[in-house]
Amino acid sequence: MLIYEKNSLEAEIAGLVETYGKEREALLPILEAIQKKYNYISDFAQQEVAKHLQIHPVEVYSVISFYAFLNHDPKGRNIVRLCQTISCTLSGKARVAEAIEKELGIKFGETTRDRRISLEYTSCLGMCDMGPSMLVNDTVYNRLDPQKAVKILSEVK
Ligand code: FES
């Protein structure tokens, strides 16, 4: 089974390389495509991408580490990112974070046991005058308070 999965991922990555090419510029779109499908980029996938693009696996790892939307490890089906930059901090981020952690029973940096939600902090989302702000997958929510944040998360499947 594992061999089948590896072969399947190998074939998929080869297909992505055919689509995006073997140049360095192809690295990010290939990683984004893998992330989109699997929610993370495994060590095996990183090595395969490096092999096809003829770059060192460390380079692939560094790109994944640099971008918050790319993950080395399996995450939840939904990624919740709460802004921890200054404006949101001043407008009540800590109370929102506390309510979310209490509601989900996990800390930021963790994933719920059912893999429904991963909690992360993020830098400024560009909504500084409407904070506290958080991103749930691709949707931004502003002017949060603890109750509003918990309600939003209760609707995430
Ligand atoms: S400081 Fe939070 S959105 Fe800018």
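**Entry 1: strand pairing**

How many bridges join E1 to strand E3, and do they run parallel or antiparallel? I looked this up first. I found 3 bridges between E1 and E3 (residues 134–136), and the two strands run antiparallel. I keep in mind that this is a predicted model. I then picked out one pair: valine 80 has valine 136 as its bridge partner in E3.

Next I checked H6 against the sheet. H6 packs on it and touches E1 and E2. The direction of H6 makes about 155° with that of E1.

**Entry 2: the sheet as a whole**

I wrote down the strand order as E2-E1-E3-E4. The sheet is open, has 4 strands, and its pairing is mixed. Which strands stand at the edges? They are E2 and strand E4 (139–141). Each has a single partner strand, so one side of each is left without a neighbour in the sheet. I also noted the turn between neighbouring strands, which is 25° on average with direction ignored.

**Entry 3: chain overview**

I counted elements over the protein chain and got 7 helices and 4 strands. Read along the sequence, they follow the pattern α-α-α-α-β-α-α-β-β-β-α. I looked up the extent of the C-alpha trace as well. Along the principal axes it spans about 45 × 35 × 20 Å.

I checked burial for the chain. Of its 157 residues, 25% are buried. For contacts between residues at least 6 apart in sequence, I found that 61% join residues at least 24 apart.

**Entry 4: domains**

The domain assignment gives domain 1 as 2–66 and domain 2 as 78–154. I looked up the separation of their C-alpha centres, and it is 30 Å.

**Entry 5: nonpolar cores**

Which residues have the most contacts inside the largest nonpolar core? I listed Val80, Leu82, Val96, Ile100, Met134, Ala149 and Leu153. That core has 16 residues. Strand E1 (78–83), helix H6 (93–104), strand E2 (117–122) and helix H7 (146–154) each supply at least two of its residues. I found a second, separate core of 12 residues. Leu16, Ile34, Ala45 and Leu53 are among its members. As background, nonpolar side chains in soluble globular proteins tend to be buried together.

I then took methionine 134 from the larger core and looked up its contacts. Leaving out residues up to four places away in sequence, methionine 134 touches Val80, Arg81, Leu82, Cys83, Tyr141, Leu144 and Ala149.

**Entry 6: backbone exceptions**

My reference point was that most residues other than glycine have a negative phi, and most peptide bonds are trans. I noted three places to inspect.

- Asparagine 39 has a positive phi, near 75°, and is not a glycine. I found asparagine 39 in the loop between helix H2 (27–38) and H3.
- Arginine 143 also has a positive phi, about 45°, without being a glycine. I found arginine 143 in the loop between E4 and H7.
- The peptide bond from glycine 131 to proline 132 is cis, with omega near -5°. Proline 132 sits in the loop between E2 and E3.

Why do asparagine 39 and arginine 143 count as partly exposed? The class lies between 12 or fewer C-beta neighbours within 10 Å (exposed) and 20 or more (buried). Asparagine 39 has 17 such neighbours, so it is partly exposed. Arginine 143 has 13, so it is partly exposed too.

**Entry 7: two loop residues**

Where is isoleucine 55? I found it in the loop between helix H3 (43–53) and helix H4 (57–66). Isoleucine 55 has 15 other C-beta atoms within 10 Å, so it is partly exposed. Setting aside neighbours within four places in sequence, isoleucine 55 is in contact with Ala50 and Val60. I also took its distance to isoleucine 41, which is 14 residues away in sequence. The C-alpha atoms of the two lie 16 Å apart.

I closed with glutamate 110, which is in the loop between H6 and E2. Glutamate 110 has 15 other C-beta atoms within 10 Å, so I logged it as partly exposed. Glutamate 110 and cysteine 128 are 18 residues apart in sequence. Their C-alpha to C-alpha distance is 25 Å.

Notes:
Residues are numbered from 1 along each chain as its sequence is written. This is a predicted model: local features need pLDDT of at least 70, side-chain atom pairs count only at pLDDT 80 or more; totals for chains, interfaces and linings use all residues. Domain bounds come from an automatic or database domain assignment. Two residues are in contact if their C-beta atoms, placed from the backbone, lie within 7 Å. A nonpolar core is a set of buried Ala, Val, Leu, Ile, Met, Phe, Trp, Tyr and Cys residues joined through C-beta atoms within 7 Å. Two strands pair if DSSP finds at least two bridges between them. Axes are lines fitted to C-alpha atoms, for helices over the stretch in contact, and angles run from 0 to 180 degrees between N-to-C directions.
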